[in-house]
Amino acid sequence: MKTTHRNLWLKVGVNLLVLAVIVLIILLTRSTAGTVGEEYVPGVFASAWSLLPPVVAIVLALITKEVYSALFVGITIGAFLYAGGNAELALNTMLYHQSGGLVPGIADIDHAGILVFVVMLATLVVLMNKSGGAAAFGRWAQRHIKSRVGAELITVVLGLLIFVDDGFNCMTVGSVMRPVTDSHRVSRAKLAFLIDSTAAPICIIAPISCWAAAVSYAVPEDVDINGFSMFLHTIPYNLYALGTITLVIALILARFDYGPMRRHEENAAAGDLFSGGDQPYTEEYKTDHPDDGKVSNLVLPVIALIVCCILGMLYTGGFFSGVGLIEAFSNAESARGLVMGSLVAMLLTFWLYMNRRVVSFSEFMGSFAAGFRTMCAPMIILILSWNLSGVTRLLGAADFIHGVMESTASSVQMFVPVIVFLVSVFLAFSTGTSWGTFTILIPIVCAVFPPSTEMLAISISACLAGAVCGDHCSPISDTTIMSSAGAGCNHINHVSTQLPYAMTTAGFAAVGYLVAGIIGYYADSAVAMLATPLTLVLIVMGILIARRLTNRAA
């Protein structure tokens, strides 16, 4: 009875919230300036209202536990804000605007490449199950990995080894480790957290990755700074990335969980990996567990996938045309390279399986449709997230943040690192994009501090760390969505269980950037780097103290 009343009040509250937002939009857009055309500018452009659509979408997703409608409401609000209440213009903006519409977003070559790559990877997973490779690997893991701690640690190690691209990391680690963690009763929410917490954090501190290239190019050309050298200088100061990896390892070794994750892990220990919720992406991953399956039926395709995707990215960066390794990664077109690499890996897998006669030709071809079906849900979320991000961009959210930062940064230089970190967290959380976040903020930071100073490195690192943190917390982030898909976990379950951990690390990182900023401002030397071990020690101590208090309370 109490649950019924709670659900009724929840529905009433959500309806009132939507109604209030509609009224607010009408009031805001009554006198929208500008005319429709090339020079059209909405009345709320570059104002705080530009962040309303993603904030509403995120809040609704967390309240209702349903992400499709939340994203759609956010997109609709953004389109009406942009159109000034004009329903026809709003509809065209949602669907066909060249810079923010649904259809152009899908047609974008990078977005389309990501969708194709996701389907190809899901197809490989289906094939590895049909070949018996996943079942054989699961049996091998049961013999050699004796505990949940071991299963979780191996997941982390594999995540740290695949540092080239975060989306590739999420899908590959999830595909390989899912049968292992399932056999040791690790909840799908915990698996999604382990995947997400090693994907972007390792990419943002790995010199050879797509992220390193993106950061290098975000440094303005008119600034006398080598972008790649600056990226290397930021690695020791990336408190959130290093702190997240430290937090994950500390939680595993301490055998401790808190927040919603604790309930998920307790349920998993009792046999319920999904905590009574839906079981997404699992139908096509089922296997008959043939006894003659070989571990190599899984290992060889995975190795082929990793090698081919890395070679594909190097190819797009010009490595085979004489460009150096680092420069090739800097120039790489990630989506294009991953699609090419996954296709070659698929052909090699076809050759391997046909020669071994582990799947029939019809089963192989049928796996493409099966792989597509398993990825329908995450692809819909990705497409709607791109649409929401595009509409938010049309409202001038980037210009608003740029103005706020530019007006305050120069007057409080000592506190710029922690301010940049917090603003970066909020912007990445609201827009669901870490790359877009540091692309906006890095030029501002470069304008505040002279080149080759410690404060510049600390502040850029704070920007990168905040972007990854906001990306982790956001339900509309590509990496968050792919982590859910890779783990086979309900998306909102992943977001709600990861949030307390991300906020814990963010809190300690903010303290670290405050300390680093003060030291760097007065000393302008690498002494500020002491903030990094201080932050990591505080994280470990925090976990140990929390575990002791929790055990005492129990």
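1. Phe320 is exposed, with a relative accessible area of 52%, whereas its ring partner Phe319 counts as partly exposed at 32%; here buried means under 20% relative accessible area, exposed over 50% and partly exposed in between, with a 1.4 Å probe and protein chains only. This is a predicted model, in which local features need pLDDT of at least 70 and side-chain atom pairs count only at pLDDT 80 or more, while totals for chains, interfaces and linings use all residues. Residues are numbered from 1 along each chain as its sequence is written, and side-chain values use heavy atoms, with hydrogens and water left out.

2. A search of the whole structure finds 8 aromatic pairs, where rings of Phe, Tyr and Trp (its six-membered ring) pair if their centres lie within 6.5 Å, and planes under 30 degrees apart count as stacked, over 60 as edge-to-face and the rest as tilted. Phe319 and Phe320 form an edge-to-face pair, at 5.3 Å centre to centre and with 80° between the planes.

3. The pair of Phe350 and Phe361 is also edge-to-face, because the ring centres are 6.2 Å apart and the planes stand at 75°. Phe350 lies in helix α17 (residues 334-356) and Phe361 in helix α18 (residues 361-374), so the pair ties together parts that are 11 residues apart in sequence; helices are DSSP runs of H or I of at least four residues, numbered from the N terminus. Phe350 is partly exposed at 27%, and Phe361 is exposed at 51%.

4. Ring pairs also link Phe193, Phe256, Tyr258 and Tyr501 into a cluster. Two of its members, Phe256 and Tyr258, are among the residues that Ile543 touches, together with Leu247, Ala250, Leu251 and Ala254, not counting residues up to four places away in sequence; contact means heavy atoms within 4.5 Å.

5. The largest nonpolar core has 96 residues, and those with the most contacts inside it are Leu251 and Ile543; such a core is a set of buried Ala, Val, Leu, Ile, Met, Phe, Trp, Tyr and Cys residues joined through side-chain atoms within 4.5 Å. Helix α6 (residues 109-130) supplies the largest share of this core, 11 residues. Apart from it lies another core, of 59 residues, among them Leu51, Trp211, Tyr240 and Met455.

6. On confidence, the protein averages a pLDDT of 81, and 85% of the residues score at least 70, pLDDT being the predictor's confidence in each residue, from 0 to 100. Helix α13 (residues 239-254) has the highest mean among the elements, 95, and helix α1 (residues 2-29) the lowest, 63. Over residues 31-37 the pLDDT is below 50, although this stretch has 12 contacts in the model beyond near neighbours in sequence. Where pLDDT is low, the predicted coordinates should not be read in detail.

Technical notes: Helix = DSSP H or I, 4+ residues; strand = E, 2+ residues; numbered from the N terminus.
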